[in-house]
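Thanks for asking me to look this one over. Here are my notes, point by point, for you to follow with the structure open beside you.

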Amino acid sequence: MAKRHLKVTGDLGRVVFLEFDLRNTPSIEESVRHSDVVYNLIGRDYPTKYDLYGCCYIDIADNLRNFDLEDVHVEGAERIADAVAKYDVDRFIHMSSHNADKNSPSEFYRTKARGEEITRKIFPETTIVRPAPVFGFEDRLLHKLAGVSNLFMSNNLQQRFWPVHAIDIGTALSKMLEDDRTAGETFELYGPKNYSMAEIAQLVDREIIKHRRHLNIPKRMMKPIAKILNQLIWWKTTSADEVEREFIDQVIDPRAKTFKDLNIEPGDVADFTFQYLQDYRSASFYDLPPATEREKREEKKYLHVLDDQ
């Protein structure tokens with residue numbers, strides 16, 4: 001029953017769940033051996049850890065790690081690619097990340113780049129997908145900005161990127177399944193408009209009809225704080241590498257293919273905020289319809305001065 005919500009379609013025998021462990025090669029091989037196409041969507045944007053209850057807190061970072069970024073993005077991807085090559089699977093589609101770069105100051109982006117390199121080395125026909133920051137149901141973009149816990153940051157919300165709709169990513173992955181011309185290609189999938197995080201925060205505030213406060217803490221202070229929080233608290237908080245990523249704008253690889261090569265027109269995040277953020281409104285404004293295009297144009301004509309004193 002714990003997995004039932006994952007069954008989005010298909011009847012008995014059409015959708016089969018197979019349990020595997022990313023460090024257990026035989027279990028990975030058993031999962032892919034009868035497949036025509038394998039999607040590797042496994043990833044982690046912060047190092048996970050064991051439950052610390054009853055444990056001593058000495059050398060937490062070294063001794064109590066469960067999966068770090070190298071384990072997931074490089075070693076895990078290598079085992080999956082090995083299994084795909086061993087059983088001669090027709091197609092392998094590997095989900096990477098925007099800004100994947102072996103020389104990046106972010107460990108997340110460095111490990112994503114090494115994962116791309118090793119999967120292509122083992123299985124040259126690997127299709128690599130680099131999505132921009134994604135918005136949609138249960139995302140970590142709009143919902144993060146709309147929540148009350150997103151209080152601290154280090155770059156004044158100045159990070160810039162092209163947010164992409166999760167539905168568009170899913171459509172692209174589906175088309176890659178049917179189009180053998182995408183084999184061995186790299187795709188940069190990003191939205192139609194470039195935003196700063198501050199601009200998206202303004203969209204969020206306008207949609208939920210609330211103003212979320214954000215406190216800026218210098219990077220040299222926030223990184224060690226985030227590292228300690230990630231080590232001591234078992235639930236998702238933040239990590240030092242996430243702080244580092246706040247200072248890295250999205251860079252598009254001009255050699256990669258895009259939505260255009262798949263005949264997909266990606267949606268703009270501004271057109272979907274009502275759909276995903278309505279539940280954050282108070283009861284007084286819950287049923288208020290989204291702003292019309294005319295209202296949006298009229299709003300841009302005025303300079304709003306807020307006096308909080």
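1. Let me start with Thr-273, which sits in helix α10 (residues 273-277). This is a predicted model, and in it Thr-273 has a relative accessible area of 2%, so the residue is buried. The Thr-273 side chain makes a polar contact with the side chain of Glu-207, at 2.6 Å. If you set aside neighbours within four places in sequence, the residues in contact with Thr-273 are Leu-203, Glu-207 and Gln-278.

2. Helix α10 also helps build the largest nonpolar core: α5 (142-146), α7 (197-208) and α10 each contribute at least two residues to this core of 19. Which residues touch the most other members of that core? They are Leu-142, Ile-200 and Val-204. Helix α7 gives the largest share, with six residues. Taking Val-204 as an example, and not counting residues up to four places away in sequence, Val-204 touches Leu-142, Leu-145, Ala-146 and Leu-277. There is also a second, separate core of 14 residues, and Ile-169, Leu-173, Phe-259 and Leu-262 are among its members. As background, nonpolar side chains in soluble globular proteins tend to be buried together.

3. Two members of that second core, Ile-169 and Leu-173, bring us to helix α6 (residues 166-178). This helix has 13 residues and spans 19 Å from its first C-alpha to its last, close to the 18 Å expected at 1.5 Å a residue. Its buried residues are Asp-168, Ile-169, Ala-172, Leu-173 and Met-176. Viewed down the helix axis, the buried residues of α6 fall within an arc of 140 degrees, so they line one face of the helix. That fits a general rule: an α-helix has 3.6 residues a turn, so residues three or four places apart point the same way. On the face of α6 turned away from the buried side you will find the exposed residues Ile-167 and Glu-178.

4. What do the buried residues of α6 pack against? The answer is a set of strands: β1 (37-40), β2 (91-95), β3 (127-131), β7 (164-165) and β8 (186-189).

5. Among those strands, β1 is a nice one to inspect by eye, as its side chains alternate. Val-38 and Asn-40 point to one face and are buried, while Val-37 and Tyr-39 point to the other and are not. In a regular strand, side chains alternate between the two faces of the sheet. Strand β1 runs parallel to β2, and four bridges join the two. Asn-40 has His-94 as its bridge partner in β2. Helix α1 (residues 25-32) belongs in this picture too: Ser-27, Ile-28, Glu-29 and Val-32 are buried there, and the buried residues of α1 pack against β1 and α3 (69-86).

6. Strand β2 also pairs with β3, in the parallel sense, over three bridges. Here Ile-93 has Thr-127 as its bridge partner in β3. Compare β3 with β1: five of the five residues of β3 are buried, so β3 is largely enclosed by the rest of the structure. Both of its faces are covered, with Thr-127, Val-129 and Pro-131 on one side and Ile-128 and Arg-130 on the other.

7. A few loop residues deserve a look. Asp-180, in the loop between α6 and β8, is exposed at 59% relative accessibility. The C-alpha atoms of Asp-180 and Thr-127 are 9.9 Å apart, although 53 residues separate the two along the chain.

8. Please also check two backbone angles. Ile-209, in the loop between α7 and β10 (215-216), has a phi near 55 degrees, a positive value in a residue other than glycine. Asn-263, in the loop between α9 (240-245) and α10, likewise has a positive phi near 55 degrees. Is each of these residues exposed or partly exposed? Ile-209 is partly exposed, at 32% relative accessibility, whereas Asn-263 is exposed, at 67%.

9. Finally, the overall view. The protein has 11 helices and 10 strands, and 43% of its 309 residues are buried. Of the contacts between residues at least 6 apart in sequence, 78% join residues at least 24 apart.

Methods:
Residues are numbered from 1 along each chain as its sequence is written. This is a predicted model: local features need pLDDT of at least 70, side-chain atom pairs count only at pLDDT 80 or more; totals for chains, interfaces and linings use all residues. Side-chain values use heavy atoms; hydrogens and water are left out. The expected span of a helix is 1.5 Å times one less than its number of residues. Buried means under 20% relative accessible area, exposed over 50%, partly exposed in between (1.4 Å probe, protein chains only). The arc is that of the directions from the helix axis to the C-beta atoms. Contact means heavy atoms within 4.5 Å. Two strands pair if DSSP finds at least two bridges between them. A polar contact is a pair of N or O atoms within 3.5 Å; within protein, one must be able to donate a hydrogen and the other to accept it, and residues adjacent in sequence count only if both atoms are side-chain atoms. A nonpolar core is a set of buried Ala, Val, Leu, Ile, Met, Phe, Trp, Tyr and Cys residues joined through side-chain atoms within 4.5 Å.
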